[in-house]
Amino acid sequence: MYGTLVVNSWVGIHEGCDIKYSVNGSDGVYVTASGKAQPFEFFFDAEALRKFLELGGKALAEMDALAAKEEAEWDARERAELDQAAEQLA
């Protein structure tokens, strides 16, 4: 019997996780992330790693822009609440 092998997994890598790499010649790298559970290992060939890092850079820039927007909205909301409290005291 022949078929298509489908493997699905989910990994959460958070601040504090131990992340290490091991270069496998000029054509690949193993990246291992571990914490309290069993380590999880990725293998990237060189071109896949380039693409992953390119997309990771774009994602990080988008996340930073969202964080800046959220911080500005939080600051504006906090200023409005302080202004409202000051008006109620006056």
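Where is Ile 13 found, relative to strand S1 (18–23)? Ile 13 sits in the segment before that strand. Hold on to that residue. We will come back to it.

Good morning, everyone. One thing up front: this is a predicted model.

Let's start with the whole chain. It has 1 helix and 3 strands. Read along the sequence, the pattern is β-β-β-α. So how spread out is the chain, set against a compact globule? The radius of gyration is 22 Å. The globule rule gives 12 Å for 90 residues, and 22 Å is well over that, so the chain is more spread out than a compact globule. Now picture a box. Taken along the principal axes, the C-alpha atoms fill one of roughly 80 × 30 × 30 Å.

Next, burial and contacts. What share of the 90 residues is buried? The share is 6%. Now take the contacts in the chain with a separation of 6 or more. Residues 24 or more positions apart account for 6% of those. Then there is the surface. The chain exposes about 8,400 Å². Carbon and sulfur atoms supply 57% of that area.

Back to Ile 13. It is partly exposed, with a relative accessible area of 40%. Which residues join Ile 13 in a nonpolar patch on the surface? They are Val 11 and Ile 19. Together the three have about 230 Å² of accessible area. Why can Ile 13 count towards such a patch? A patch residue needs over 30% relative accessible area, and Ile 13 has 40%, so it passes that cut-off.

On to charges. How many salt bridges does a search of the whole structure find? It finds 3. Let's take them one by one.

Asp 18 and Lys 20 make one of them. Their side chains meet at 3.7 Å, N to O. Asp 18 is partly exposed, at 37% relative accessible area. Lys 20 is exposed, at 54%. The line between those two words is 50%, so Lys 20, at 54%, gets the word "exposed".

Now to helix H1, which covers residues 46–89. Here Glu 47 and Arg 50 meet in a salt bridge, at 2.9 Å, N to O. They lie 3 residues apart in the helix, about one turn. Both Glu 47 and Arg 50 are exposed.

Stay in helix H1. Lys 58 and Glu 54 also pair up, with a salt bridge of 3.4 Å, N to O. How far apart are Lys 58 and Glu 54 along the helix? They are 4 residues apart, and therefore separated by about one helical turn. Lys 58 is exposed, with a relative accessible area of 52%. Glu 54 has 39%, so it counts as partly exposed.

One more residue: Lys 51. It has its place in helix H1 too. Is Lys 51 exposed or partly exposed? Partly exposed, with a relative accessible area of 44%. Now compare sequence and space. Lys 51 and Val 31 are 20 residues apart in sequence. In space, C-alpha to C-alpha, they are 15 Å apart.

Let me wrap up. We have a predicted model with the pattern β-β-β-α. The chain is more spread out than a compact globule. A nonpolar patch of Val 11, Ile 13 and Ile 19 lies on the surface. The search finds 3 salt bridges. Thank you.

Terms used: Residues are numbered from 1 along each chain as its sequence is written. This is a predicted model: local features need pLDDT of at least 70, side-chain atom pairs count only at pLDDT 80 or more; totals for chains, interfaces and linings use all residues. Side-chain values use heavy atoms; hydrogens and water are left out. Patches are made of residues with over 30% relative accessible area and no salt bridge: like charges are joined within 9 Å, nonpolar side chains (Val, Leu, Ile, Met, Phe, Trp, Tyr) within 5 Å. Accessible areas come from the Shrake-Rupley method with a 1.4 Å probe; for residues, only the protein chains shown count as cover. A salt bridge is a side-chain nitrogen of Lys or Arg within 4 Å of a carboxyl oxygen of Asp or Glu. Helices (H or I, at least four residues) and strands (E, at least two) are DSSP runs, numbered from the N terminus. Buried means under 20% relative accessible area, exposed over 50%, partly exposed in between (1.4 Å probe, protein chains only). The radius of gyration is taken over C-alpha atoms; the globule rule is 2.2 Å times the number of residues to the power 0.38. Contact means heavy atoms within 4.5 Å.
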